[in-house]
Amino acid sequence: MADALDHLDTTIEELGPFDGILGFSQGAALALSYMYRQQVSGERVPFKFFLCFSSVIPFSADAGYCQNIVQRLCALQWDMTVTPSADEPLLTRDERLFCEVMLRTVIAAKKKGAALPEYSMDVYKQDDGSKAPRVMHAQLLEEKLQIPTVHVTGKRDFDFMHNMSDIAQGMCEERLTRKLEHSGGHQPPQKDAEVKSVIRAMEWAISQSDRMPTHRL
């Protein structure tokens, strides 16, 4: 994950500057994770707006993010495929949320054979969990992404994909966010009217970015 973010950083330096960024599926999640890392580290987010198409769930490359949660799950040998009850005494609120997010997204995708590359949930039981992926969620993060974003999903996409895209959207400042749904599945919109709706939303995002203080861009 860290290598992917560093590669994106290098690409931006070599080919930029860019006004905005468009990401689809894994690319959208990578872009969101990258911009969040830039923002929380105090570095400049190199885009004024973000078009997010059918994002999978973002992961953090920060080894310290949710480390206490993952370490506790490893110590408990918690079965990540089991839904924790609302009053589960062994888990804290954040630990329960982490497990619920995994169930609604990653594990649901695995059941459909859609989680690639394939890996075992045992990584959340091994050693200190240092190799376990860290799913990002607004309630587990310090802040939200502070640039205009447009989130586009397909009505006929899988339920777990809608869950993933909703979580990705939740990482973004609500007042700077717009959401669109097209009639297709896990793909960009194909119909002229739906494409035009995305263009209008992009124009909205650009206008919003023009009004923002320059120190945020």
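A residue counts as buried when its relative accessible area is under 20%. With that cut-off, strand β5 of this predicted model can be described from both sides. Thr149, His151 and Thr153 on one face are buried, and so are Val150, Val152 and Gly154 on the other, which leaves both faces of β5 covered. The strand spans residues 149-154, and 6 of its 6 residues are buried.

The neighbours of β5 come next. Strand β2, residues 49-53, runs parallel to β5 and is joined to it by 4 bridges. Within this pairing, Cys52 stands opposite His151. Strand β6, residues 177-182, also runs parallel to β5, and 6 bridges join these two strands. His151 has Lys179 opposite it in β6. From β5 the chain passes through helix α5, residues 159-170, before reaching β6, and this β-α-β crossover is right-handed. Another bridge between β5 and β6 pairs Thr149 with Thr177.

Thr153 shows the surroundings of one β5 residue in detail. Thr153 belongs to strand β5, and it counts as buried because its relative accessibility is 6%, which is under the 20% limit. Leaving aside residues up to four places away in sequence, Thr153 touches Ser54, His162, Ser165, Lys179, Leu180, Glu181 and His182. Of these contacts, His162 and Ser165 fall within the residue range of α5, while Lys179, Leu180, Glu181 and His182 fall within that of β6.

Ser54, one of the residues that Thr153 touches, is found in the loop between β2 and β3. Its phi is near 50 degrees, a positive value in a residue other than glycine. Ser54 is buried, because its relative accessible area of 1% is under 20%. A second serine also has positive phi: for Ser25 the angle is about 55 degrees, although Ser25 is not a glycine. Ser25 sits in the loop between β1 and α2. Its relative accessibility is 12%, so Ser25 counts as buried.

Strand β1, residues 20-24, contains Gly23. At 4% relative accessibility, Gly23 is under the cut-off and therefore buried. Apart from residues up to four places away in sequence, Gly23 touches Ala28, Phe50, Leu51, Cys52 and Phe53. Phe50, Leu51, Cys52 and Phe53 lie in the residue range of β2, and Ala28 lies in that of helix α2. Gly23 and Glu194 are 171 residues apart along the chain, and their C-alpha atoms are separated by 17 Å.

Before β1, the loop that follows α1 (2-15) holds Pro17. The peptide bond joining Gly16 and Pro17 is cis, with omega about 10 degrees.

The last feature is an open space. Rolling a probe the size of a water molecule over the atoms shows where empty space is left. The second largest pocket has a volume of about 260 Å³. It is lined by 13 residues, and the closest to its centre are Tyr36, Val40, Ser60, Asp62 and Tyr65. Helix α2, residues 26-40, gives the most to this lining, with 4 residues. By type, the lining of the second largest pocket divides into 8 nonpolar, 2 polar and 3 charged residues.

Note on methods
Residues are numbered from 1 along each chain as its sequence is written. This is a predicted model: local features need pLDDT of at least 70, side-chain atom pairs count only at pLDDT 80 or more; totals for chains, interfaces and linings use all residues. Side-chain values use heavy atoms; hydrogens and water are left out. Buried means under 20% relative accessible area, exposed over 50%, partly exposed in between (1.4 Å probe, protein chains only). Contact means heavy atoms within 4.5 Å. On a 1 Å grid over the protein atoms alone, a cavity is a set of points where a 1.4 Å probe fits but cannot get out, and a pocket is an open set with protein on both sides within 12 Å along at least five of seven lines; lining residues have an atom within 4 Å of a point. Grid points are joined across faces, edges and corners, and a volume is the space filled by probe spheres set on the points. Ala, Val, Leu, Ile, Met, Phe, Trp, Tyr, Cys and Pro count as nonpolar, Asp, Glu, Lys and Arg as charged, and the others, Gly among them, as polar. Two strands pair if DSSP finds at least two bridges between them. A crossover is right-handed if, with the strands pointing away from the viewer, the path from the first strand over the helix to the second runs clockwise.
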